[in-house]
Amino acid sequence: MPKTVISGFTHNFLGNAPVWYKQTILLFLLINPLVVWFMGPVAAGWLLVGEFIFTLAMALKCYPLLPGGLLAVEALIIGLATPDAVYAEVVVNLPVILLLMFMVAGIYFMKQLLLVAFTQILVGVRSKSALSLLFCAAAALMSAFLDALTVTAVIITVAVGFYSVYHKVASGRGYHHANHNAQSDEHVIELHREDLVQFRAFMRSLLMHGAIGTALGGVATMVGEPQNLLIAKTVGWNFAEFFQRMAPISMPVLVAGLVTCWFLEKLRWFGYGARLPKPVRQVLEEFADNERKKRTKADQAALWVQAAAAVILVIGLAFHIAEVGLIGLMVIILITSFTGVTDEHQIGKAFQEALPFTSLLVVFFAVVAVIHEQHLFKPVIDFVLTQPEAQQPAMFFVANGLLSMISDNVFVATVYISEIKQALDAGAISQAHFEDLAVAINTGTNLPSVATPNGQAAFLFLLTSAIAPLVRLSYGRMVVMAFPYTLVLGGVGLLSVIQFL
């Protein structure tokens, strides 16, 4: 415990982050003004970009909003960008902010319906290969029309629920037993230990297939990932146009991803292929049947309301009746009104998942403002644009993919789409070529970024969730399990870009 006020400040700074991490951030904050004074704003700008990518890569040590926000505030103070420039970035990207604020919250109120759907899939399909394929395809379909982060949250909720149910039984308790610690195996009966180990492997593979599914579906539509909407708004595509432009790349990748899912389960490579033990299946089926019997008429009515809202959502997105975020707000109003959710605190819980990432996105825009003000990426963009026009989409795909693996795909897409928009406005490229590059940027940031948990928000969310320690899903294990998908999605995506753009 701190014994002085000074040590209290030291202890409180960035909370439970490691001491070395705190010292590194303080070092960044100390040297940035010195670099501005002695080496100029351009060097300081590049240093800031590198520091910000470091905070994204170290997201498990501390949520990037805090250290990244400190760096962004300092950048404004030392003159690397102006508050007006940051505000201009926020205004341009307001549709993306509305998407995160209202669409994710809207889907929160549809969780009951989504939970029922995934539960039926999990206990209703006995073939592990078919189950994995269905899990991946269902996640892809829902991510295309909803949001990858929210679909991942639903998958995590289902997984935690089923794991806790069996862990209670394996510990000699009933599955309705309260106050059970699922993180401890101390009371697990010896007879169940082997089944529990196999169940964990089974759940890990399903979670990874589901996470990959969110990437497969998320790349295809303008609402699948936050950067998709940003790209769509910058280019001027509506929902249908975005889908059509991405289809030559997203559809072959979808097929390749599903085929990979099937083969990984059959070959049992890279940690996949574990089957659900019969004793575990029996427990889960009994639990699901009991939950179905407990469902009241009011619960059934709520499911019908959520299903109707889902249909309205899809129609609203397909015909672009309003901004995506406003459609999400409409979903919130409809579901809460007809399911009896009227308490302010109940409604407030829906926004807890989205607002931290929304805040981080605004910090992204502050860093993007620095990049624009100091013209940091202009030499890189200019170099690519001097290459033969036919080679440029593939080069953008590779550059965006590699950078997205180590940082964050939203940040990378935000930077690159803004830079090529400036090239279009300056007359350096044509509108048609601009649209081809936008396709390459979107697919490049969405597909190879599955390589690491920090590449996509949904993957990072899975890694930091309650289910990860329960099923022993570590950072390294996620990288290994994602490796075959990275090769297939990145390779097929690049070939499709070369062939069709």
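A salt bridge is taken here as a side-chain nitrogen of Lys or Arg within 4 Å of a carboxyl oxygen of Asp or Glu. Counted this way, there are 9 salt bridges. The model is a predicted one, so local features need pLDDT of at least 70 and side-chain atom pairs count only at pLDDT 80 or more, while totals for chains, interfaces and linings use all residues. Residues are numbered from 1 along each chain as its sequence is written, and side-chain values use heavy atoms, with hydrogens and water left out.

Take Lys128 and Glu265 to begin with: they form a salt bridge whose closest N and O atoms are 3.1 Å apart. Lys128 sits in helix α8 (residues 128-145) and Glu265 in helix α12 (residues 239-267), so this pair ties together parts that are 137 residues apart in sequence. Helices here are DSSP runs (H or I, at least four residues), numbered from the N terminus. Both ends of the bridge are tucked away: Lys128 is buried, at a relative accessible area of 5%, and Glu265 is buried too, at 0%. For these labels, buried means under 20% relative accessible area, exposed over 50%, and partly exposed in between (1.4 Å probe, protein chains only).

Helix α12 also supplies Arg245, which pairs with Glu435 in helix α21 (residues 431-446), 190 residues apart. The closest N and O atoms of this salt bridge are 2.6 Å apart. Here Arg245 is partly exposed, with a relative accessible area of 24%, whereas Glu435 is buried at 17%.

Then there is a local pair. Arg292 and Asp289 meet in a salt bridge at 3.0 Å, N to O, and both lie in helix α13 (residues 278-294), 3 residues apart, about one turn of the helix. An α-helix has 3.6 residues a turn, so residues three or four places apart point the same way. Both partners count as partly exposed, Arg292 at 38% relative accessibility and Asp289 at 29%.

What about α13 itself? The helix has 17 residues and reaches 25 Å from its first C-alpha to its last, close to the 24 Å expected at 1.5 Å a residue (1.5 Å times one less than the number of residues). Its buried residues are Val280, Arg281, Val283, Leu284, Phe287 and Ala288. Seen down the axis, they fall within an arc of 165°, so they line one face of the helix; the arc is that of the directions from the helix axis to the C-beta atoms. Turned away from that buried side are the exposed residues Lys278 and Lys293. Finally, Arg281 joins Arg126 and Glu285 in a network of salt bridges.

Technical notes: Helices (H or I, at least four residues) and strands (E, at least two) are DSSP runs, numbered from the N terminus.
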